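Let's take a friendly walk through this model together. Please have a look at the sequence and the fold before reading on.

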Amino acid sequence: MTTATASLAACTVTRIGYGALQLERLHDRRSDAVALLRRAVELGVDHVDTAEFYGFGFANDVIREALRPEDGVLVVTKVGADPDPGGPLPLRLAQRPEQLRASVEDNLRSLGTDQLPVVNLRRPDSGPGLRPDGDQVVDLDDQLAVMTALRDEGKIGAIGLSSVTLDGLRRALPAGVVCVQNAYSVVSRDDEDMLRLCTAEGIAWVPFFPLGGAFPSLPKATDEPTVHAVAESLGVTPSQVGLAWLLHHAPNVLLIPGTANAAHLEANIAVGEITFDAATLATLDAIESRSNEVPIG
């Protein structure tokens with residue numbers, strides 16, 4: 001059985017949170033979006049992942065309306081990209097130090113708070129996603145300088161990293177890093193060495209694309225025959241097996257699955273009750289890992 005809680009930014013949180021990206025699907029049903037987030041809190045969710053560029057501010061607006069101080073929910077946001085409504089993708093890189101500071105201010109404003117408890121610096125170094133060019137090629141040290149300044153000013157509480165390399169994480173450790181968000185799943189385990197470093201350093205590992213990728217060329221956990229076989233034997237869904245494997249794989253893994261559907265939300269939370277015997281876990285561990293390095297743009 002997996003432990004029910006883990007550490008994030010000196011807080012103890014349940015290991016299954018909520019990723020707010022999918023709230024955008026409820027853009028025309030705002031009351032449903034608020035109700036979904038309230039349901040997450042009722043189910044025990046106490047950390048939520050968001051960004052100003054999720055739904056061009058919609059996710060943050062819903063979080064501001066739905067969450068109350070007494071809920072005790074840790075809101076984690078990110079900088080390094082900005083909304084780009086007219087672009088080929090809904091976001092563009094915003095890596096320069098002054099852009100990072102502006103993004104922090106945007107998140108403070110839209111969330112209606114004086115401090116962002118955790119802010120992830122979204123780098124364009126690894127995994128699927130945008131790659132930088134021109135003035136968006138920015139040295140990590142310059143970015144960490146502004147992030148630590150913002151922390152010293154009290155505008156952010158703690159610093160995380162996203163889409164970072166192992167070398168980048170090692171360089172950032174002296175600045176104090178509380179979490180890493182990289183693409184990682186049972187079918188894409190390129191970052192195993194980084195996960196081990198995070199475990200040793202007490203850094204939360206918060207995988208995005210926890211079931212594989214949203215892009216067609218990326219491997220998906222739900223396409224794996226082994227995952228389907230385990231799901232059938234346990235009477236759960238393949239998606240639940242993929243998420244449960246992450247919880248069993250390392251004690252510092254936190255999940256932030258997103259959904260716009262209440263039943264799916266409940267299924268995600270139920271993953272915490274799934275147990276694997278040693279043979280089942282070994283079978284899942286033996287699934288071939290394939291790269292998720294897919295530059296976009």
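With which residue does D141 form a salt bridge?

## A link between two helices

D141 pairs with R171, and their closest N and O atoms are 3.3 Å apart. Keep in mind, as you look at these atoms, that the model is predicted. D141 belongs to helix α4 (residues 140-152) and R171 to helix α5 (residues 166-172), so this salt bridge ties together parts that are 30 residues apart in sequence. D141 is partly exposed, at 41% relative accessible area, and R171 is partly exposed as well, at 35%.

## Other salt bridges

The structure holds 17 salt bridges. Side chains of opposite charge can pair when their charged atoms come close. One of these pairs is D106 with R109, at 2.5 Å from N to O. Both residues sit in helix α3 (residues 97-111), and because they are three residues apart there, about one helical turn separates them. D106 is partly exposed, with 27% relative accessibility, whereas R109 is exposed, with 53%.

E98 and R96 also meet through their side chains, with 2.6 Å from N to O. Here E98 has a relative accessible area of 47% and is partly exposed, and R96 counts as partly exposed at 23%. Elsewhere, salt bridges link R39, E42 and E266 in a network.

## Nonpolar cores

Now to the interior. The largest nonpolar core has 77 residues, and those that touch the most other members are Y18, L23, L169 and V180. If you centre your view on L169, you will find that its contacts include L161, V164, V177 and V180, along with M194, L197, C198 and I203, leaving aside residues up to four places away in sequence. A second core, separate from this one, has 14 residues, among them L74, V76, C179 and A204.

## Two pockets

The largest pocket has a volume of about 1,200 Å³. Its lining has 42 residues, and L21, Q22, Y54, F208 and F209 are the closest to its centre. Among the elements that each supply at least two lining residues are β7 (91-93), α8 (238-249) and α9 (262-270). By type, the lining divides into 23 nonpolar, 14 polar and five charged residues.

The second largest pocket has a volume of about 310 Å³. Of its 15 lining residues, L67, V73, V75, L111 and T113 lie nearest the centre. Two or more lining residues come from α2 (58-66), and likewise from β5 (74-79). This lining divides into nine nonpolar, four polar and two charged residues.

Definitions and conventions
Residues numbered from 1 in each chain as written. Predicted model: local features only at pLDDT ≥ 70, side-chain atom pairs only at ≥ 80, totals over all residues. Heavy atoms only, no water. Core = buried A, V, L, I, M, F, W, Y, C linked by side-chain atoms within 4.5 Å. Buried < 20%, exposed > 50% of the residue type's maximum accessible area, 1.4 Å probe, protein only. Contact = heavy atoms within 4.5 Å. 1 Å grid on protein atoms, 1.4 Å probe; cavity = no way out; pocket = protein on both sides within 12 Å on 5 of 7 lines; lining within 4 Å. Points joined across faces, edges and corners; volume = space filled by probe spheres on them. Helix = DSSP H or I, 4+ residues; strand = E, 2+ residues; numbered from the N terminus. Nonpolar A, V, L, I, M, F, W, Y, C, P; charged D, E, K, R; others polar. Salt bridge = Lys/Arg side-chain N within 4 Å of Asp/Glu carboxyl O.
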